[in-house]
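Colleague: I should like to learn how features of a model such as this one are to be read. May we go through them in turn?

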Amino acid sequence: MSLFRLIYASRAAEALTPANHEQILASSSRNNAKVGVTGLLAFGAREFLQCLEGSREAVNATYTRILGDPRHQDIQLIDCRDVDQRWFGEWGMHGLPPSRLTRQRVLRFSEREMFTPTRMPGASAIALLAEVAREIEAASEAVPTVPAPAEPPRDRESLLSRIGLKRQD
Ligand code: FAD
C-alpha cells in the first residue's frame, strides 16, 4: 500500500469557537482512525490548514467528505503526492490551536501576522506543517523515561537489615 499526503487550506464559514474546533477534531479522530488516516488540522481565527495522510483511497474519501462540509468554504488544494513516510503517524487528527500559531511562527512563513493559509504560498504552508511535525516528534522523544531505581545497598550491614537480620557481634 502506498502512502499519500494531501494538504489544503480553507476559510471558516463563520467564526468558530473552541467548542466547534473540538467537535471537528472529535469526528475527525474517530473517523480517521477507522481508515488509517492521520494528520494535522491547524485552526486560525478564520481559516484552516489541514494535512491528511494515509492510503490514497482513504485520504481521497476523507477529503471528498470534508469538501462538502458547510462549516468551511473557499477550499484550496495546496499539495497532494505519494510520500514514503507519515509526518503525523501517531495522530488520527492532531489539532493545532490558535495559541500554537504564534505571531512569530506565522511571520516566519507568511507576509501577514494573521494565520491566513489560503493566502500563503503553498511551499510556506507545507514548510509550516513540516516544522510542526518535527516539533511533535521531538516532544515525543523528549518524554522522560522512568528513573532507574536507587542503587541497592552493598555493605553487609545494610544487606542484613534489608532482609530483617541484625548483625551479631
Ligand atoms: P458527525 O461528526 O457525527 O456529524 C454529523 C453531521 O452533522 C455531519 O454531516 C456533519 O457535517 C454535520 N455537522 C456537525 N456539526 C456541524 C456544524 N456545527 N455545522 C454544520 N454541520 C455540522 N472529518 C473527518 O472524518 N476527518 C477529517 O480529517 C476531517 N477534517 C475536517 C476539517 C475541517 C476544516 C472541517 C470543517 C471538517 C472536517 N471533518 C473531518 C468533518 C467532515 O467534514 C464531516 O463532517 C465528518 O467527517 C462527518 O462525520 P460523521 O459522519 O461522523 O458525522
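**Pockets and local features**

Modeller: In this predicted model, the second largest pocket has a volume of about 260 Å³. Its lining consists of 13 residues, and those closest to the centre are Trp 87, Phe 88, Gly 89, Ala 133 and Glu 137.

Colleague: How many residues of each class line the second largest pocket?

Modeller: The lining of the second largest pocket has 6 nonpolar, 3 polar and 4 charged residues.

Colleague: How is empty space found, and what is the volume of the largest pocket?

Modeller: A probe the size of a water molecule, rolled over the atoms, shows where empty space is left. Here, the largest pocket holds about 310 Å³ of space. Helix H1 (18–35), strand S3 (47–55) and helix H2 (56–67) each give two or more residues to its lining. The largest share, 5 residues, comes from H1. Among the 15 lining residues, Ile 24, Ser 28, Ile 66, Asp 69 and Arg 71 lie nearest the centre.

Colleague: Which residue has a positive phi although it is not a glycine?

Modeller: Most residues other than glycine have a negative phi. In this model, Asp 74 has a positive phi of about 50°. Asp 74 lies in strand S4 (residues 72–83) and is partly exposed, with a relative accessible area of 36%.

Colleague: Is Ala 9 buried or exposed?

Modeller: Ala 9 counts as buried because its relative accessibility is 0%, under the 20% cut-off. Ala 9 belongs to strand S1 (residues 3–12) and touches Asp 74 and Phe 48, among others. Ala 9 and Phe 48 are 39 residues apart in sequence, yet their C-alpha atoms are 5.4 Å apart in space.

Note on methods
Residues numbered from 1 in each chain as written. Predicted model: local features only at pLDDT ≥ 70, side-chain atom pairs only at ≥ 80, totals over all residues. Heavy atoms only, no water. Helix = DSSP H or I, 4+ residues; strand = E, 2+ residues; numbered from the N terminus. Buried < 20%, exposed > 50% of the residue type's maximum accessible area, 1.4 Å probe, protein only. Contact = heavy atoms within 4.5 Å. 1 Å grid on protein atoms, 1.4 Å probe; cavity = no way out; pocket = protein on both sides within 12 Å on 5 of 7 lines; lining within 4 Å. Points joined across faces, edges and corners; volume = space filled by probe spheres on them. Nonpolar A, V, L, I, M, F, W, Y, C, P; charged D, E, K, R; others polar. Lists of a residue's contacts leave out its neighbours within four places in sequence.
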